[in-house]
Amino acid sequence: MSEIYKNPSYTPIERTNDLLSRMTLEEKIGQMCIVDGRKDPETWIYKKHVGSLLHVTGDKVIKLQKMASKTRLGIPILFGIDAVHGHAFQSGATVFPSQLGMSSSWNPELLEKIAHITAIEVTLTGLHWTFSPVLCIGRDLRWGRIDETFGEDPYLIGILASAMIRGYQGKNLSDPYSILACAKHFIAYGETQGGRDSSESDVSERKLRSIFLPPFVEAIKAGCATFMAGYNAIDGIPCSANKWLLTNLLKEELNFNGFVVTDWDNVGNLHRKQKVAPNIKKACEIALSAGNDMIMSTPEFFEEAVKLVKEGIIKEDLIDKACRRILMLKFKLGLFDNKRFPNSKKAISILGCKEHRKIAYKSALESIVLLKNENNILPLSKEIKRIALIGPNCNDIQAQLGDWSFGARELEHPEIPTLDYHPEYDTSPIVTILKGMKKRAGNDIIINYEKGCDIIDKNNHNINKAVKIAKKSDVVIAVVGDTNILNGELRDRVELNLTGAQQQLLTALKETGKPLIVVLINGKPLTIPWIKENADAILEAWNPGLEGGNALASIIFGDFNPCGKLTISFPRHIGQQPVFYNQLPGWHSNRYVEMSAEPLFPFGFGLSYTNYEYSNLQVSSTNLKPTDKLTVSVDVHNTGKYDGTEIVQLYINDIYSSVTTPIKELKGFKRINLKAGEKKRVSITIPVSSLTLINSECKSIVEPGEFEIMIGSSSMDKDLLKIVVEVI
């Protein structure tokens, strides 16, 4: 019998069916396992027929893949990695801004390029699958993983995630530099109690379909190959135990054809943490019945799944279905053919190369948001000759790179070997704010640097020295914020204030009387009302990646006009939450006893060195059918002295509806470039079908009635022009 599965002239379906027919039960179940490749991978390859490994880099990839090629059937290993904002666990690779940072560009074309570059660098190092993009919605800012999100808006998340999926996977999975994307975490993972990670998410089916499902629907439309189930439970049922969620909704209703992978030890958690299974064997039975295809980091699954089938508790047909989905993607990706082994020589010349750094620089530029610019203090005047550069994040590499980057994660687990470090790849030095500012200042401007304080330890500071430097300077640039131990998985916070002695440092710098420019390097919004009130200018840089220092310097000195807009709202106080813009109506008051309920900085907000005026709002029709399209047009005039890029935003409000609907919903946006003094007519077209709501029966419909159409520069009412249309 010819080995059809080894012959690339056959289709992936034919090859999958042929291979599946040759496999033993143990080999099929082995393909459903993904484990940490740093822990005894040899046993998993030779004795348990493992389908996928993660946390493997460097020469070990080649070694383990060669082992797999010598097994009975020679099924290749699918190597996965958390390449969330670049191949950031690989020495010398290009590290882009965090996902929250890059979202502030509102530039899906740029994000597609970022993902494509990531795919190139991942592929050249022998890996095939990234656990990205994150489609979680950032609504409770205490949650540790806010930095991994695209912000608070479902529509924008869907647009940006789809762009990254296209960049990762290319036009076809067989493309030389395509990798598998993974939409995660399915679903409502961030909607937990108290902002705690991996907790219970109290969402109804209607809320799930209205708010949390739309970005994942867009991911399916974009062809996303894999989905990752969340840690959380919904209505008492953990996502990895939820057959309605994974099978009925995802695979059947939404017609998702890829495979579902659990998050880290989700199956074990069913027994050990969530207590819905009395033992691991029962947990494996529940997970298999629910529709999980690949089980991550639950090593007991292999033996228990074999027992479940042999004892007749689980039908082998269920194993076949899961294994088929996995093998199909391996064939489509080309792992049996051209993409089995890395190209190490080519990787050395391409990882972190000049062309890739250009995109990293561009992404950092476009992700930086100007939040305040009193008296046009920025860009710096040419009269400025001495700059005091102060703060703990001026020269902190880890704070600048952000979470899910080399060194940030594995340090938490000293018992686990770290990812391989390869100095031959280390050709991409990280440009910190200090390096970038000094490089741009050249010999004409003196940069005096002082860290000033520790970002955590409030007793570790040298504020007196910082003040002395500030007094001798023309302007003070304070670089503050947070760092990696305050962001990420397992790092939920009870407050969002500046930590350590940072506030004390800022207060002392303000008292010098020198102009104060505050730069924020942080993974999530912070409560900074003092900074808004007292700083002359504020730049939100997020975690800007390896080119962050160059990008920030370009903006400060006026080489680039900032154009970023917030994708997540800033609260005034931690107790003020929720502050996301698309809330439901019905509050009795628009304030708390102590303060306004309005955010400090709202969704969609971002200033420029120039000014834009909106006028002459018109719509294609004020009477619409559900099958029509609506075109909204407006004049945008650059009335300032600088060329710039404006992000025009279109919102809608269903004025009266059968169920409560958000007071505003983003439905479209457009980036436009305007020369100083230039005016453009901007049109955004949306289908009337996008004005849907999920009714009380959980059906998606467009109800007849009046809709408020709003267009402008941010989600704030004062920044929006409005007109009413009617759907008949």
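User: In this predicted model, how many bridges join β26 to strand β27?
Analyst: Strand β27 covers residues 720–727, and it runs antiparallel to β26. One pair in this match is Glu708 with Val724 of β27. The number of bridges joining β26 to β27 is eight.

User: Which residue in β26 is the bridge partner of Leu650?
Analyst: Strand β21 (residues 644–654) and β26 run antiparallel. Six bridges join them. The partner of Leu650 in β26 is Ile711.

User: How many of the eight residues of strand β26 are buried?
Analyst: Buried means under 20% relative accessible area. Strand β26 (residues 705–712) is largely enclosed by the rest of the structure, because most of its eight residues are buried: the count is six.

User: What is the strand order in the open sheet of five strands?
Analyst: The pairing in this sheet is parallel. β4 (129–130) and β11 (295–296) stand at the edges, each with a single partner strand, so one side of each has no neighbour in the sheet. The order is β4-β3-β2-β1-β11.

User: Which residue in β3 is the bridge partner of Leu53?
Analyst: Strand β2 (residues 52–54) and strand β3 (residues 78–81) run parallel. Three bridges join them. The partner of Leu53 is Phe79.

User: Which strands stand at the edges of the open sheet of three strands?
Analyst: This sheet has mixed pairing and the order β6-β8-β9. An edge strand has a single partner, so one of its sides is left without a neighbour in the sheet. That applies to β6 (200–201) and β9 (237–238).

User: Which residue in β8 pairs with Glu200?
Analyst: Strand β8 (residues 233–234) runs parallel to β6. Two bridges join these strands. The bridge partner of Glu200 in β8 is Ala233.

User: Which helix gives the most to the largest nonpolar core?
Analyst: In soluble globular proteins, nonpolar side chains tend to be buried together. The largest nonpolar core here has 122 residues. Trp129, Phe186, Ile187, Phe227, Val261 and Phe301 touch the most other members. With eight residues, the helix that gives the most is α7 (residues 154–169).

User: How many residues are in the second, separate core?
Analyst: This core includes Cys136, Tyr189, Ile469 and Ile538. Its residue count is 45.

User: Where does Asp153 lie, and is Asp153 buried or exposed?
Analyst: Asp153 sits in the loop between β4 and α7. The cut-off for buried is under 20% relative accessible area. Asp153 has 3%, so Asp153 is buried.

User: Which side chain makes a polar contact with the side chain of Asp153?
Analyst: Leaving aside neighbours within four places in sequence, Asp153 is in contact with Tyr581, Asn582, Phe603 and Leu666. The side chain of Asp153 also reaches the backbone nitrogen of Leu156 at 2.8 Å. The side-chain to side-chain polar contact, at 2.5 Å, is with Tyr581.

User: What distance separates the C-alpha atoms of Asp153 and Gly138?
Analyst: These residues are 15 residues apart along the chain. Their C-alpha atoms are separated by 8.1 Å.

User: What span should the 14 residues of helix α15 have?
Analyst: Helix α15 covers residues 354–367. The expected span is 1.5 Å times one less than the number of residues. The end C-alpha atoms are 20 Å apart, which agrees with the expected 20 Å.

User: Is His55 buried or exposed?
Analyst: His55 lies in the loop between β2 and α4 (59–69). His55 has a positive phi of about 65°, although it is not a glycine. Its relative accessibility is 14%, so His55 counts as buried.

User: What does 49% relative accessibility make Asn255?
Analyst: Asn255 is in the loop between α9 (243–253) and β10 (259–261). Its phi is positive, about 60°, although it is not a glycine. Exposed would need over 50%. At 49%, Asn255 therefore counts as partly exposed.

User: What is omega for the peptide bond from Leu378 to Pro379?
Analyst: Pro379 is in the loop between β12 (369–373) and β13 (386–390). The bond from Leu378 to Pro379 is cis, with omega near -5°.

Conventions. Residues are numbered from 1 along each chain as its sequence is written. This is a predicted model: local features need pLDDT of at least 70, side-chain atom pairs count only at pLDDT 80 or more; totals for chains, interfaces and linings use all residues. Side-chain values use heavy atoms; hydrogens and water are left out. A nonpolar core is a set of buried Ala, Val, Leu, Ile, Met, Phe, Trp, Tyr and Cys residues joined through side-chain atoms within 4.5 Å. Buried means under 20% relative accessible area, exposed over 50%, partly exposed in between (1.4 Å probe, protein chains only). Helices (H or I, at least four residues) and strands (E, at least two) are DSSP runs, numbered from the N terminus. Two strands pair if DSSP finds at least two bridges between them. Contact means heavy atoms within 4.5 Å. A polar contact is a pair of N or O atoms within 3.5 Å; within protein, one must be able to donate a hydrogen and the other to accept it, and residues adjacent in sequence count only if both atoms are side-chain atoms.
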